[in-house]
Amino acid sequence: MRIIVIITATLCSVFVKAQTSTSDSLISKPDLKKNEIYLNLLPIARTLFTNTSSPVNRFSLSYKRYLNERSALRLSLVADFVQKNAYTAHFGSDRDVYDLGADSSLTKYTIERPGFLSPHVSVGYERVYGKRKLKWFYGADLSLGYSEHLTLKQRIRIVKDSIGWVEEVTFPSTVARSKTTTVSVGIRPFFGLKYPINKRLSVSAQLGVDAAYRSQQVTGSIIGGVRPGHYTSFDFTTESGLLNDISIIYKF
């Protein structure tokens with residue numbers, strides 16, 4: 001945790017210092033807008049136009065400060081909505097277990113992992129190229145994140161009637177639960193394209209991957225083979241999609 005605080009403080013000081021030194025580098029381009037705000041619309045577009053969803057839907061709001069016409073610093077607030085059971089591979093098996101009772105009834109034990117939010121803050125650097133309206137850019141963000149999610153073991157009674165085996169029309173009872181607290185530090189390289197709509201508005205599309213070190217603390221019961229304790233992992237993923245950002249941009 002101390003390392004995370006040191007990295008965050010260092011990045012913030014670099015970001016503030018860079019903003020105070022931008023005026024000299026912008027003298028040669030007085031009509032260049034120094035600031036941009038990005039709003040990621042990809043989760044909405046995916047739902048409206050493809051009727052599909054990703055295991056991880058990424059919502060983000062970003063601020064960009066140009067150092068000159070070719071380089072910029074980025075600050076982003078990111079919230080990943082992780083769908084139900086999206087991280088099964090990381091957190092154990094979801095295999096259902098059945099027990100036969102003395103009265104010939106069945107009891108099913110199932111594992112549920114409700115969806116949860118995983119917020120991050122990211123600071124990065126970007127290089128911009130292109131002499132015409134269509135620009136392309138690349139760079140990397142350093143991200144810090146924190147999240148909590150539950151794993152529930154539930155019991156459902158199954159009885160036999162004239163039709164066959166049916167589940168009782170009652171809510172499943174929770175027989176065990178565990179909580180996983182995650183602190184992550186990662187880097188997100190990216191590549192994208194940007195095109196202006198007018199002097200103030202632009203659109204952009206961005207490809208990227210996530211490489212993150214995760215420190216996880218599991219408390220509660222043993223569920224799906226996962227015991228309480230401390231776990232660490234390093235993941236290189238595209239769970240939010242290789243195309244993870246389609247933004248509307250406002251320049252000022």
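Two strands count as paired here if DSSP finds at least two bridges between them. Keep that in mind for the close-ups of this predicted model.

**View 1. The whole chain, before zooming in.** The chain has three helices and 13 strands. Of its 252 residues, 39% are buried. Take the contacts between residues at least 6 apart in sequence: 69% of them link residues at least 24 apart. The exposed area comes to about 14,600 Å², and 63% of that is supplied by carbon and sulfur atoms.

**View 2. The β2–β3 hairpin.** Strand β2 covers residues 56-68 and strand β3 covers residues 71-82; the two run antiparallel and are joined by twelve bridges. Two residues sit between these strands, and together β2 and β3 make a hairpin. To find your way along the ladder, look for L61, which stands opposite L77 in β3.

**View 3. The other partner, β3 with β6.** Strand β6 takes in residues 116-129 and runs antiparallel to β3, with twelve bridges between them. A handy marker here is S76, whose bridge partner in β6 is S122.

**View 4. A nonpolar patch on the surface.** Now for a set of side chains facing out: L134, W136, Y138, F191, L193, Y195, I197, V203, L207, L242, L243 and I246 make a nonpolar surface patch of about 1,000 Å². Four strands each supply at least two of its residues: β7 (135-160), β9 (173-196), β10 (201-208) and β13 (243-251). The biggest giver is β9, with three residues.

**View 5. Y138, one member of the patch.** Y138 belongs to strand β7 and is one of the residues that make the nonpolar patch. Its relative accessibility is 36%, so Y138 counts as partly exposed; the partly exposed class lies between the 20% and 50% cut-offs.

**View 6. P196 and its surroundings.** P196 is in strand β9. With a relative accessible area of 22%, P196 is partly exposed, because buried would need a value under 20%. Skip the neighbours within four places in sequence, and the contacts of P196 are K133, L201, S202 and K251. K135 is worth picking out too: K135 and P196 are 61 residues apart along the chain, yet their C-alpha atoms are separated by 9.0 Å.

Notes
Residues are numbered from 1 along each chain as its sequence is written. This is a predicted model: local features need pLDDT of at least 70, side-chain atom pairs count only at pLDDT 80 or more; totals for chains, interfaces and linings use all residues. Side-chain values use heavy atoms; hydrogens and water are left out. Patches are made of residues with over 30% relative accessible area and no salt bridge: like charges are joined within 9 Å, nonpolar side chains (Val, Leu, Ile, Met, Phe, Trp, Tyr) within 5 Å. Accessible areas come from the Shrake-Rupley method with a 1.4 Å probe; for residues, only the protein chains shown count as cover. A salt bridge is a side-chain nitrogen of Lys or Arg within 4 Å of a carboxyl oxygen of Asp or Glu. Buried means under 20% relative accessible area, exposed over 50%, partly exposed in between (1.4 Å probe, protein chains only). Contact means heavy atoms within 4.5 Å.
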